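Hi,

Here is the structure I promised to pass on. Have a look at it first, and my notes on what turned up follow below.

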Amino acid sequence: MTGSPDRLIDLRSDTVTRPTKAMREAMATADVGDDVYGEDPTVNRLESDAAALLGKEAGLFVPSGTMANQVAILSHTERGDELFIHRDSHAYYYEGAAPSLWAGVVTTLLDGPDGVFSAEDLSRAVRPDNIHHPTPRLVMLENTHNRSGGAALAPERLDPVMDLAHQLNLFVHIDGARLFNAAVALDCPVKRLAQKADSVSICLSKGLGAPVGSVVAGPRPFIERSRRYRKWLGGGMRQAGILAAAGLIALDNRRRLGDDHTRAKRLLEGLLALGYQAWAPSVATNMVMIDTNRAAEGLVQEARKAGVAFGTVGTHRIRLVTHQDVDDSDIDRTLAVFRGIKRSLSDAG
Ligand SMILES: *Cc1c(COP(=O)(O)O)cnc(C)c1O
């Protein structure tokens with residue numbers, strides 16, 4: 001695994017992780033049944049273990065984080081309802097028009113640093129109950145916040161928004177695709193981060209390293225509705241215990257996320273020392289965002305030729321994500337590549 005110059009160092013996302021040997025063995029030997037009949041013991045265990053970790057009554061295994069968000073929106077709303085969400089949130093920015101297509105809700109977009117709006121912003125946005133307006137119904141938050149550089153959001157940031165939402169009779173769903181990263185970075189139990197939310201979803205296939213899968217968690221009646229919507233969206237899977245077995249190991253992998261954060265920090269500090277400009281959230285996790293003078297896409301192509309892959313966020317920003325398939329020597333090699341680019345192009349930044 002160490003720094004072979006032939007191996008691509010893939011920092012595009014923490015979704016690129018491949019299942020470990022232990023994970024593949026667990027998948028090969030998983031006890032399975034037909035999950036659409038509720039008879040897969042491994043899926044049932046994953047759902048209850050994840051729900052317990054998140055402090056919720058029940059869980060539902062779904063194929064993707066996108067489906068997790070969409071079944072949550074479907075289960076909380078009716079057609080013509082209003083969803084309040086940050087402009088940079090995954091469920092709005094990266095999921096097509098899915099909330100309007102499936103649930104028939106209107107999205108009201110809010111702004112704010114680190115991908116979160118304040119309780120005051122929400123209070124201003126919610127219109128009085130009146131036949132002229134859509135019915136305000138759901139607030140969606142995201143932790144960590146992906147497009148905001150993996151910002152981890154502490155209870156002091158999110159709790160006031162959730163308290164106000166509940167005072168206004170709105171439901172709250174947390175898109176916690178990387179909620180365990182937030183828990184590690186904030187040194188706060190994941191249960192505490194999800195405590196005031198009606199429902200929460202996590203991705204097993206990001207930094208936790210599973211090949212496939214997400215879990216939605218919440219009160220049992222909500223999960224029963226979500227199970228119906230999952231089927232409706234074509235997400236009812238059969239011997240899914242093969243995947244849930246990987247998911248159970250992924251849940252244990254939460255204990256190693258701190259290593260990714262340490263490497264991201266070292267990468268960030270190395271890039272700053274080379275003179276690159278960083279764009280950092282208030283509490284960072286496993287992502288590094290660098291602002292570039294030149295077109296970000298050009299930098300991506302140049303680095304790729306030198307064996308390092310990463311992505312862009314907009315025209316002049318790149319994003320590098322650490323994960324379990326990146327080690328310390330990969331960080332050194334990445335910094336060497338950036339040093340070379342800097343030297344060859346005095347205005348790279
Ligand atoms: C990746 C991601 C999702 C979607 O997960 P998929 O499994 O790729 O559909 C949802 N929300 C956030 C914040 C994400 O980062």
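To start with the ligand: how far does a polar side-chain atom of Thr66 lie from an oxygen atom of the ligand? The gap is 2.6 Å. Before you read too much into any of these distances, keep in mind that this is a predicted model, and everything here is computed from it.

Thr66 has company. Its neighbour Gly65 uses the backbone instead: a polar backbone atom of Gly65 sits 2.8 Å from an oxygen atom of the ligand. Asp175 deals with a nitrogen atom of the ligand, and a polar side-chain atom of Asp175 is 2.6 Å away from that nitrogen. As for cover, the ligand on its own has 380 Å² of accessible area, and the protein covers 85% of that.

If you want to zoom out to the whole shell, there are 13 residues around the ligand, and Gly65, Thr66, Asp175, Arg178 and Lys206 come nearest. By type, the shell has six polar residues, five charged and two nonpolar. Helix H3, which spans residues 65–76, gives the most to the shell, with three residues.

Next, the domains. The domain assignment splits the chain into domain 1, made of 9–16 + 256–348, and domain 2, which runs over 21–254. So that you can picture the layout: taken over C-alpha atoms, the centres of the two domains are 28 Å apart. Where they meet, 19 residues of domain 1 are in contact with 24 residues of domain 2. About 1,700 Å² is buried between the two domains, and 52% of this is on carbon and sulfur atoms. On the domain 1 side, Asp14, Leu257 and Val283 supply 30% of the area buried against domain 2, more than any other three residues.

Finally, two backbone oddities to look at while you have the model open. Most peptide bonds are trans, and most residues other than glycine have a negative phi. Against that background, the bond joining Asn143 and Thr144 is a cis peptide bond, with omega at about 0°. Thr144 is in the loop between strand E5 (135–142) and helix H7 (155–167). The other one is Asn169, a residue other than glycine with a positive phi, near 65°. You will find Asn169 in the loop that links H7 to strand E6 (171–176).

That's what I have for now. Shout if you'd like to go through any of it together.

Cheers

Conventions. Residues are numbered from 1 along each chain as its sequence is written. This is a predicted model: local features need pLDDT of at least 70, side-chain atom pairs count only at pLDDT 80 or more; totals for chains, interfaces and linings use all residues. Side-chain values use heavy atoms; hydrogens and water are left out. A residue is near a molecule or strand if one of its heavy atoms lies within 4 Å of it. A polar contact is a pair of N or O atoms within 3.5 Å; within protein, one must be able to donate a hydrogen and the other to accept it, and residues adjacent in sequence count only if both atoms are side-chain atoms. Accessible areas come from the Shrake-Rupley method with a 1.4 Å probe; for residues, only the protein chains shown count as cover. Helices (H or I, at least four residues) and strands (E, at least two) are DSSP runs, numbered from the N terminus. Ala, Val, Leu, Ile, Met, Phe, Trp, Tyr, Cys and Pro count as nonpolar, Asp, Glu, Lys and Arg as charged, and the others, Gly among them, as polar. Contact means heavy atoms within 4.5 Å. Buried area is the accessible area (1.4 Å probe) that two parts lose on being put together, summed over both.
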